[in-house]
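Here is a friendly walk through one protein model, written to be read with the structure open beside you. Have the viewer ready and follow along at your own pace.

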Amino acid sequence: MDFKRGLSLVAVFVLLHSSTDELQRVTPAPEATPAAAMADARPPTPGELLARRRLVVPVKGTPPARLQDSFEARRGTGRKHEAIDIMAPWGTPVLAADDGRIEKISSNRAGGLAIYQVDPSGRFVYYYAHLAGYAEGLKEGQAVQRGDVIAYVGATGNANRKAPHLHFAVLLLTTQKRWWGGEAINPYPALSQAPAVTTATR
Ligand SMILES: [Zn+2]
């Protein structure tokens, strides 16, 4: 009697134990699936979209580790910098951060000599300012590839003449897709993961 009862207890224990094992094995999968599906369904943030562009640091010879995030820095009353400054000697080649097209070559009081470039998707505008000059023959509408020399670092506009640098801003275009409009996106997170370009392709 005792022996038989012992056996059935063992059987019950084994049954319970195995079903617990089963539960433990199965449970994580159904939990993981909806979470992953939700992550896929969520629209990417502007920063994530920019990270997918695989930008290069737009100043020749500047490693990503040397970049400083000055996007939130204050510039005058209630105004934010909304760009990053990449310090470099006067005349250092400025490289296209991404593939795309030269949309506008401009000269303005704050930015000095500047370039607006549009990415191939037409979603982002890259703004390069305080340039010393443009690459020879650069013209509006020209197609560029990431790493192409498009200009040279300077301190034109309102930059400190003793501290030449590239002012680099990224704008996410609104549906109107005007090169001068758009929401400023901090390029620092994307650039800090970028490969450094030490040799220009052109
Ligand atoms: Zn700046």
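The sections below go from the overall picture to the strands, the core and a few single residues.

## Confidence and overall layout

Please keep in mind from the start that this is a predicted model. The average pLDDT of the protein is 83, and 73% of the residues score at least 70. Residues 9–30 are a stretch to treat with care: their pLDDT is below 50, and beyond near neighbours in sequence they have zero contacts in the model. Where pLDDT is low, the predicted coordinates should not be read in detail.

The protein has four helices and nine strands. Along the sequence, the order is α-α-α-β-β-β-β-β-β-β-β-β-α. Of the 202 residues, 33% are buried. Among contacts with a separation of 6 or more, 67% are between residues 24 or more positions apart.

## Strand E7 and its two partners

A good place to begin is strand E7, which covers residues 149–153. How many of its five residues are buried? Four of the five are, and the strand is mostly covered.

E7 pairs with strand E2 (residues 93–95) in the antiparallel sense, over three bridges. In this pairing, Leu-95 stands opposite Val-149 of E7. Strand E5 (residues 124–134) also runs antiparallel to E7, and three bridges join the two. Here Gly-133 has Tyr-152 in E7 as its bridge partner.

## Strand E3 and its two partners

Next, turn to strand E3, which spans residues 100–108. E3 and E4 pair in the antiparallel sense over seven bridges, and the two strands form a hairpin with three residues between them. To locate the pairing in your viewer, look for Ile-102, which stands opposite Gln-117 in E4.

E3 is also joined to E6 by two bridges, again in an antiparallel arrangement. Arg-101 marks this pairing, standing opposite Ala-143 in E6.

## The nonpolar core

In soluble globular proteins, nonpolar side chains tend to be buried together. In this model, the largest nonpolar core has 43 residues, and Val-94, Tyr-127, Tyr-128 and Leu-131 touch the most other members. At least two residues of this core come from each of strand E1 (84–87), E2, strand E4 (112–118), E5, E7, strand E8 (165–172) and helix H4 (188–191). Which of these elements gives the most to the core? E5 does, with seven residues.

Tyr-128 is a handy residue to click on. Leaving aside residues up to four places away in sequence, Tyr-128 touches Pro-58, Val-94, Ala-114, Ile-115, Ala-151, Leu-166 and Phe-168.

## Two residues with positive phi

Two residues share an entry here for their backbone angle. Glu-82 has a positive phi of about 55°, although it is not a glycine. Glu-82 is found in the loop between helix H3 (46–51) and E1. With 19 other C-beta atoms within 10 Å, Glu-82 is partly exposed.

His-130 is not a glycine either, and has a positive phi of about 65°. His-130 lies in strand E5. Is His-130 buried or exposed? His-130 is buried, because 26 other C-beta atoms lie within 10 Å, and 20 or more are enough to count as buried.

## Two loop residues to look at

Gly-137 sits in the loop between E5 and strand E6 (143–144). Why does Gly-137 count as exposed? Gly-137 is exposed because only 6 other C-beta atoms lie within 10 Å, and the cut-off for an exposed residue is 12 or fewer. The C-alpha atoms of Gly-137 and Ile-150 are separated by 9.4 Å, with their positions 13 residues apart along the chain.

Asp-148 belongs to the loop between E6 and E7. Asp-148 is partly exposed, as 19 other C-beta atoms lie within 10 Å. Asp-148 and Ala-97 are 51 residues apart in sequence, yet their C-alpha atoms are 8.4 Å apart in space.

Key. Residues numbered from 1 in each chain as written. Predicted model: local features only at pLDDT ≥ 70, side-chain atom pairs only at ≥ 80, totals over all residues. Pairing = 2+ DSSP bridges. Contact = placed C-beta atoms within 7 Å. Core = buried A, V, L, I, M, F, W, Y, C linked by C-beta atoms within 7 Å. pLDDT = per-residue confidence, 0-100.
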